[in-house]
Amino acid sequence: MNPNYKHATVYQIYPRSFCDSNGDGIGDIRGIISKLDYLRELGVDVIWLSPVYKSPNDDNGYDIADYKAIQPEFGTMADFDELLSEAGKRGIKIIMDLVINHTSDEHEWFIRAKAGDEKYKNYYIIKKGKDGKLPNNWGNFFADCPWEPFGDPKNEEYYLHLFSKKQPDLNWYNPEVYSEICDVMRFWLDKGVAGFRCDVINIIYKNTFADGKKQLALTGKEHYISTEGCHNILKNLRRDVMDKYDAFTVGETVMVTPDMARDLTAPERGELDMVFAFEHMECDQIGVKWFKTKFRPRRLMKALTKWQTQLDWNTCYFENHDQPRSVTRFTEGGKYRKAGSKMLIGLNFCLRGTPYFYQGQEIGMTNGAFESLDEIMDIESHNVDKMARSLGIIQPFRWNLIKKTSRDNARTPMQWTAGANAGFTSGTPWLKLNPNYTSVNVDADLADPDGIIAFFKKVNAFKKSNEILKEGKFREIYAGRTVYAFRRELCGESLIAVCNFSGKDAKAPKVIEGRTLISNYEGESAVLRPYEFRLISPGKEE
Ligand code: ISL
Ligand code: CA
């Protein structure tokens with residue numbers, strides 16, 4: 001773990017939806033530059049920038065057509081360089097999104113492969129079908145078929161795409177792919193970026209292309225999750241590239257267990273600095289993430305405690321560009337928006353690990369207010385609709401699933417002001433704004449001394465100056481139906497964090513006695529109020 005970034009407060013920007021500087025309705029790099037002072041005020045140390053590379057946008061930039069070029073609608077390389085230097089002046093570092101499981105089918109490598117160039121064919125995973133059948137029975141992350149015919153149908157060749165068919169998987173058996181990616185990483189590190197968030201990094205190396213064990217979703221996954229081959233690639237990337245820079249990596253690791261996460265991050269193994277795990281994001285679903293069930297706080301507490309105790313260093317997060325908004329999910333649809341947002345922010349800072357926040361979380365943005373699939377742009381949602389239709393699921397039911405789970409819930413434009421288009425753009429936003437921007441926006445929140453941003457800053461500053469919250473061990477001390485409390489302990493001293501995941505008052509457990517240092521409510525109270533958060537200094541240690 002690079003110690004320079006261990007305690008960074010990281011803020012994720014989804015460039016398309018952050019701030020539009022030129023009125024085309026699409027957020028851009030100059031828009032980000034214009035908000036750097038705002039981010040410095042929040043106390044952000046590192047920005048994780050979702051992809052800004054050249055892309056045909058089948059998956060909003062996660063389909064990269066050129067790893068060394070900026071997407072024209074986001075600006076130019078000169079804009080990017082200016083962003084880096086302006087951020088640097090404010091003490092803010094930038095990490096890039098490194099998407100290396102796949103490229104776009106419009107990447108030059110894939111275009112050459114299709115033109116029959118053997119060298120580039122070997123950059124991708126191209127397999128023969130068998131007797132008119134697909135090469136294997138694997139599933140696809142976007143509710144699609146993962147094999148698409150490649151070239152002349154007579155050849156019966158298919159290419160693998162675990163995501164959209166415009167995202168062909170790279171062939172990590174090929175050392176040339178490795179060298180190309182090293183080169184890409186050096187290109188950005190030489191410019192001065194502080195590292196990478198590595199997209200679905202634990203699935204890049206497939207052990208075999210044999211059929212997988214049949215399952216509800218992602219048949220075949222046992223052949224590619226956290227394989228030895230993947231570990232080796234990560235070790236090499238660390239040794240050949242990362243170690244030469246002051247930088248860090250955070251892996252997006254899907255379907256990992258704490259054991260796998262330990263292997264991916266153990267300092268002595270020299271692979272990744274930290275990983276995003278998903279178990280706590282799965283506490284309101286059945287089987288696959290498109291089937292949401294009622295949120296039960298106990299499931300969230302169980303997942304948090306499990307990861308806090310079984311992995312030495314976590315990434316702490318409740319939101320990103322793939323997940324519905326946390327305040328909608330975990331605090332009754334946002335009925336207690338202000339208290340709920342603050343509670344989740346407080347909790348995120350008090351857990352052991354590096355805290356990550358997603359744009360808009362600091363003002364309590366809620367899920368999008370979409371009324372039909374026509375208003376949704378996310379390719380995943382459209383695929384889910386198709387799949388559900390093919391299973392005979394009726395439209396109102398399909399829509400109900402998609403409305404709750406669509407990734408566009410997190411991608412609605414950032415709400416800056418109560419003015420036209422929430423101050424996001426002077427044009428027409430690429431995705432429908434949440435109409436609640438008239439009251440939920442940065443201006444309004446900043447003007448409120450009791451606002452969410454003020455609370456965010458307070459807890460952020462406290463954490464930065466407090467060794468117990470930074471380095472202390474985690475111990476759960478109470479997990480009731482709605483009340484969750486834990487201690488952070490360091491050298492015989494401790495702090496207690498407590499949350500009430502309920503819109504009703506809850507009895508305060510005895511174990512949380514002490515002096516309240518920070519809370520999202522005014523004044524003392526014997527009971528815990530709806531979505532109350534408290535950081536407590538216990539009187540005496542037991
Ligand atoms: O639920 C998930 C994991 O359990 C998924 O959302 C998962 O995070 C996702 O499918 C992988 O996401 C990443 O790679 C995708 C891209 O569409 C996402 O936006 C990105 O975060 C393909 O590059
Ligand atoms: Ca723009």
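Begin by selecting Val 52 in this predicted model, in the loop that joins strand S2 (46-49) to strand S3 (53-54). Val 52 has a relative accessible area of 1% and is buried, because the limit for a buried residue is under 20%. To see what touches Val 52, display Pro 15, Ala 69, Ile 70, Gln 71, Phe 74, Phe 80 and Met 96, a list that leaves out residues up to four places away in sequence. For a sense of scale, add Cys 230: 178 residues along the chain separate Cys 230 from Val 52, and their C-alpha atoms are 25 Å apart.

Next, select Asn 57, located in the loop between S3 and strand S4 (66-70). The backbone is the point of interest here. Asn 57 is not a glycine, yet its phi is positive, near 65°.

From there, move to ligand 1 and select its surroundings. Which residues come nearest to ligand 1? Of the 19 residues around the ligand, they are Asp 59, Asp 199, Glu 252, His 321 and Asp 322. Sorted by class, the shell consists of nine charged, seven nonpolar and three polar residues.

Three side chains deserve individual inspection. In Asp 59, a side-chain N or O atom is 2.5 Å from an oxygen atom of ligand 1. For Asp 199, the distance from a polar side-chain atom to an oxygen atom of the ligand is 2.8 Å. His 102 also places a side-chain N or O atom 3.0 Å from an oxygen atom of ligand 1. Taken alone, the ligand exposes 520 Å², and 95% of that is buried by the protein.

Now select Lys 165, in the loop between strand S8 (157-160) and helix H7 (175-191). Is Lys 165 buried, exposed or partly exposed? Its relative accessible area is 43%, so Lys 165 is partly exposed. Setting aside neighbours within four places in sequence, its contacts are Asp 105, Glu 148 and Tyr 159. Selecting Gly 392 as well gives a second distance to check: Lys 165 and Gly 392 are 227 residues apart in sequence, and 24 Å lies between their C-alpha atoms.

The next stop is helix H9 (residues 258-265), where Thr 265 is found. Thr 265 counts as buried because its relative accessibility is 11%, and the cut-off for buried is under 20%. Show Leu 272, Asp 273, Met 274, Val 275 and Leu 311 to view the contacts of Thr 265 other than those within four places in sequence.

Continue to helix H14 (residues 395-405), and colour Arg 398, Trp 399, Leu 401, Ile 402 and Thr 405, which are buried. Turn the view to look down the axis of H14: the buried residues fall within an arc of 160°, so they line one face of the helix. A general property of helices helps in reading this view. An α-helix has 3.6 residues a turn, so residues three or four places apart point the same way. What covers the buried residues of H14? The cover includes strand S13 (288-292) and helix H13 (379-390), and both may be added to the display.

Finally, follow the chain into the loop between H14 and helix H15 (442-447) and select Asn 421. Asn 421 has a positive phi of about 50°, although this residue is not a glycine. The tour ends at this loop residue.

Methods. Residues are numbered from 1 along each chain as its sequence is written. Chains are lettered from A and ligands numbered from 1 in the order in which they are written. This is a predicted model: local features need pLDDT of at least 70, side-chain atom pairs count only at pLDDT 80 or more; totals for chains, interfaces and linings use all residues. Side-chain values use heavy atoms; hydrogens and water are left out. Buried means under 20% relative accessible area, exposed over 50%, partly exposed in between (1.4 Å probe, protein chains only). Helices (H or I, at least four residues) and strands (E, at least two) are DSSP runs, numbered from the N terminus. The arc is that of the directions from the helix axis to the C-beta atoms. Contact means heavy atoms within 4.5 Å. A residue is near a molecule or strand if one of its heavy atoms lies within 4 Å of it. A polar contact is a pair of N or O atoms within 3.5 Å; within protein, one must be able to donate a hydrogen and the other to accept it, and residues adjacent in sequence count only if both atoms are side-chain atoms. Accessible areas come from the Shrake-Rupley method with a 1.4 Å probe; for residues, only the protein chains shown count as cover. Ala, Val, Leu, Ile, Met, Phe, Trp, Tyr, Cys and Pro count as nonpolar, Asp, Glu, Lys and Arg as charged, and the others, Gly among them, as polar.
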